[in-house]
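Thanks for coming, everyone. I would like to walk through one structure this morning, going from the inside of the fold to a few individual residues.

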Amino acid sequence: MQKKDFTDIGDGSSLYMEEARGQATRAPRPAQAVPSKPAAALPEAKAPEYKYIGKPTRRIDGREIVTGRAKYTQDIKLRGMLIGKILRSPHAAAEVVSIDLAPALALPGVHAALKLAEGKVRYAGQQVAAVAAVDERTAEKALALIKVEYKTLPYVVDWERAREASAPQVRDDKPNVEKINEYVRGDIEKGFAEADVVVERTYRTGFEVHHPTETHGSVASWEGDHLVVYDSTQNVHGVRDGLARALKVPAANVTVIKNYMGGGFGSKLGLNEQTVVAANLAREIGRPVKVLNARRDNAVCVGYRPSSHQTYKVGAKKDGTLVAFSLLNYASGGVGAGDDVAEPVVDVYKCPNCKVEEHTVYTNVGGSRAMRAPGHTQGAFGLESLMDELAAALDMDPLELRKKNYSTKNLGDTGLPYSTKGLDKCYELGAKAIGWERRNRRPGEGNGSGTIRRGIGVATSIWFGAGVPGTLADVVLYPDASVEVVCGTQDLGTGTRTHMAVVAAETLGLEPNDITIKIGNSDYPWAPSSGGSLTTPSVAPAVRDAALKAVERLKALAAARLEVDAGDVVMADRTFSSKGDPAKSVPFAEVYRDLRRETPFHGERSGMPRDQYAFNTFGAHFAEVEVNVETGRVRVLKYVAAQDSGRIVNKLTAESQVVGGVTQGLSAGLFEERIMDDATGNVVNPNLRDYKIATSLDIPEITPIFVDVFDPRINNLGVKGLGEPARVPSSAAIANAVYNAIGVHVREIPMTPKRVLEALKRKEAGS
Ligand code: MOS
């Protein structure tokens, strides 16, 4: 498969899925599952006991963040800096006949203007022109002075209508409906013929916008031929390479810096248009230029999670054994591609026969982008809802149905056994923590009185998160016994600095606060994008590797002083001592001094036996809800999220990831929906007042559980990713809890009161 250009301009999730999968090429999928190579049985691996790894450690940069000293991209001010602004098309489809920049350039305080659109614009919000001025107000005024002549064209923003033959064609290069995924395993006709029970359902998910707290933004500054860009990005190396290509300059002449960031969720994975605009304006004027997105820009032109209409058919034996699955999906990602959502149905449950067909539907809407577990959250909502409706048809416990079809192999991608899979433990511990036995035995039966109904639901998660081999990190020891860790990774707000410090401190016999962390700079050693739940399983093992090398060297220096073999040197309490004669010891400070100058140790994240094992992350989420059957309002009362993400590095920030993932899934499940206006082709709710996001009042008690299954093959720490796994099943678990409460499945998220009441009417009508 051709590696995609690392620009993030509306191409859905395809951009980083290859990396998320650990370079396991996806397309074309094998027609049949590859027969698995005989793999050695898993050795009884016991994880070593650590002092910091796996324990809760407070963020080493927490004070800096909460006191406002941490510099985000928005805070960057450079001498002589100008403010750039982008003019966007108000039309969903138009021919740009002419752009007259002269009136804008004539305004005092305006230093440069650029034309950005040529020919057609295909969505409202597409960039048309840009200016740089002394301040924001002048830039705004200048935008209003630019004269653009449009010849409007027919458009379609309603993705149902876009499928009709009479709809305007969105893209010149292809029709509005395009097949994006096909997969077959076994023979589904035969499978359905063998089934005792067949259930067929359609589930729908809406458009969910990333809306990170910090909007997208860039500050570009040229120092001679060298471009320095401060960018709110999930990928400093990717943006550097993308910028070098876009500006036709060597990558060696570009530095991308991102110190702190207020979230991205996938919308900042690649090069953004505003970054290129800032760099071009800065080059033209010879002064630094800052371009920040307004909240509205973030709602119209930097992506969202594509919608889906998933029609499933499942066949099962009376005892719950799955015999056939089929999925027909339509997804919309505007002018870009939608997500394929099939991974859960292909991989989560053991089922010999499976057939998938997926299509994307193009519309005159800004392109989608990867959003926290792209495709998987939609697919998990569909599949897990279906499993509960099947369980009801079989009169089975939904958890038993899931356990009955437990798969120890990755059936879709590789056919290989999972290196480790702690999902069974997640089911067990999660069910216990929520009180699974309290659920209604059948959906909607025996659950409260008056207008309130209560229910409990479960849903399963699968994701990648194995990390990227080849990730680099340096540990630098200084003669004054200070230590620095340098890596070109970045912190999206997840606590990257702290997990790196934890690993370095653990290995070097220091404390996390002793370690100076340098990240967020493309001049530092290579690390992958912080997407795909890749950061910790890529970076932590590289830091570990570098720190182990540093310890080896320190021990050799200590051995010389102690006059023993390096193998006989013990490290404890900031001293090195002789194993045989503990009285013989030398403090850290003296040994470090022997280095004489700062000394870097290079670490690398090693590979894993991908030809023998599949490496995935898992989880089981349990929700308890209360539904008001008169108003249709859903309230989540209690939530348990059990995760298998291998060894946890920092329990505190790991719990934050789980709470965040659950919150985001709750919000998407109940509230969030971007709405398009057919009459104008624009987003109706491009702000945080009309686009509803869950607040703290909507969030119940959330209990994260880590089953801590140690994977000895995946990397030197046994760690896997967590950010996305915690998001995958959360909307689905809530939907199943609602089903358990009211006895009818809502089948579409967000489950607004209107949709809940419609479902209840459907139940009354007996359909
Ligand atoms: Mo991602 S969709 O940035 O993990």
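I will take the nonpolar cores, then the charged pairs, then some helices and strands, and finally the cysteines. Please keep in mind throughout that this is a predicted model, and that every value I quote is computed from it.

Let me begin with the packing. Nonpolar side chains in soluble globular proteins tend to be buried together. In the model in front of you, the largest nonpolar core has 84 residues, and the members that touch the most other members are Phe-325 and Ile-734. Helix H17, which covers residues 730-742, supplies the largest share of this core, namely 8 residues. There is also a second core, separate from that one, which has 45 residues and counts Ala-473, Val-539, Leu-554 and Ala-558 among its members.

Now to the charges. Side chains of opposite charge can pair when their charged atoms come close. How many salt bridges does the model hold? The count comes to 44, and I will pick out a few of them, starting with those of Arg-454.

Arg-454 forms a salt bridge with Glu-624, where the closest N and O atoms lie 3.9 Å apart. The two partners sit in distant parts of the chain, with Arg-454 in strand S16 (residues 452-463) and Glu-624 in strand S24 (residues 617-628), a separation of 170 residues. Arg-454 also meets Glu-626 in a salt bridge, at 3.5 Å from N to O, and here again the link is between strands S16 and S24, with the residues 172 apart in the chain.

Are these three side chains buried or exposed? Arg-454 has a relative accessibility of 43%, so it counts as partly exposed. Glu-624, by contrast, is at 7% and Glu-626 is at 13%, and because the cut-off for buried is under 20%, both glutamates are classed as buried. These three residues also belong to a wider arrangement, since a network of salt bridges links Arg-438, Arg-454, Glu-624, Glu-626 and Arg-635.

One further pair deserves a mention, and that is Arg-497 with Asp-491, whose closest N and O atoms are 3.9 Å apart. In this pair, both residues are buried.

While we are on arginines, let me turn to Arg-439, which is found in the loop between helix H12 (423-434) and S16. Its relative accessible area is 17%, so Arg-439 is buried. Which residues does Arg-439 contact, if we leave aside neighbours within four places in sequence? They are Asp-397, Pro-398, Ile-456 and Asn-740.

Next, the helices. Helix H10 (residues 376-394) has 19 residues, and the distance from its first C-alpha to its last is 26 Å, close to the 27 Å expected at 1.5 Å a residue. H10 is mostly covered, with 18 of its 19 residues buried, and just after H10 comes Asp-395, with a positive phi of about 55 degrees.

Helix H7 (residues 273-285) has 13 residues, which should span 18 Å at 1.5 Å a residue, and its end C-alpha atoms are 19 Å apart, in agreement with that figure. The buried residues in H7 include Val-276, Val-277, Leu-281 and Ala-282. H7 is followed by Gly-286, where phi is positive, near 75 degrees.

As for strands, S10 (residues 226-231) and S11 pair in the parallel sense over 4 bridges, and Val-228 stands opposite Thr-255 in S11. Within S11 (residues 254-257), Val-254 and Val-256 point one way, Thr-255 and Ile-257 point the other way, and all of them are buried.

An antiparallel case is given by strand S20 (residues 569-572) and strand S21 (residues 575-578), which are joined by 4 bridges, with Val-569 standing opposite Ser-578 in S21. The hairpin they form has 2 residues between the strands, and Asp-573 there takes a positive phi near 50 degrees.

Last come the cysteines. A disulfide is a covalent bond between the sulfur atoms of two cysteines, and the number of disulfides in this structure is 0. Cys-301 counts as buried at 10% relative accessibility, while Cys-487 is buried with a relative accessible area of 0%.

That is where I will stop, and I am happy to go back to any of these regions.

How values were computed: Residues numbered from 1 in each chain as written. Predicted model: local features only at pLDDT ≥ 70, side-chain atom pairs only at ≥ 80, totals over all residues. Heavy atoms only, no water. Core = buried A, V, L, I, M, F, W, Y, C linked by side-chain atoms within 4.5 Å. Buried < 20%, exposed > 50% of the residue type's maximum accessible area, 1.4 Å probe, protein only. Salt bridge = Lys/Arg side-chain N within 4 Å of Asp/Glu carboxyl O. Pairing = 2+ DSSP bridges. Expected span 1.5 Å × (residues − 1). Disulfide = S-S within 2.5 Å. Contact = heavy atoms within 4.5 Å.
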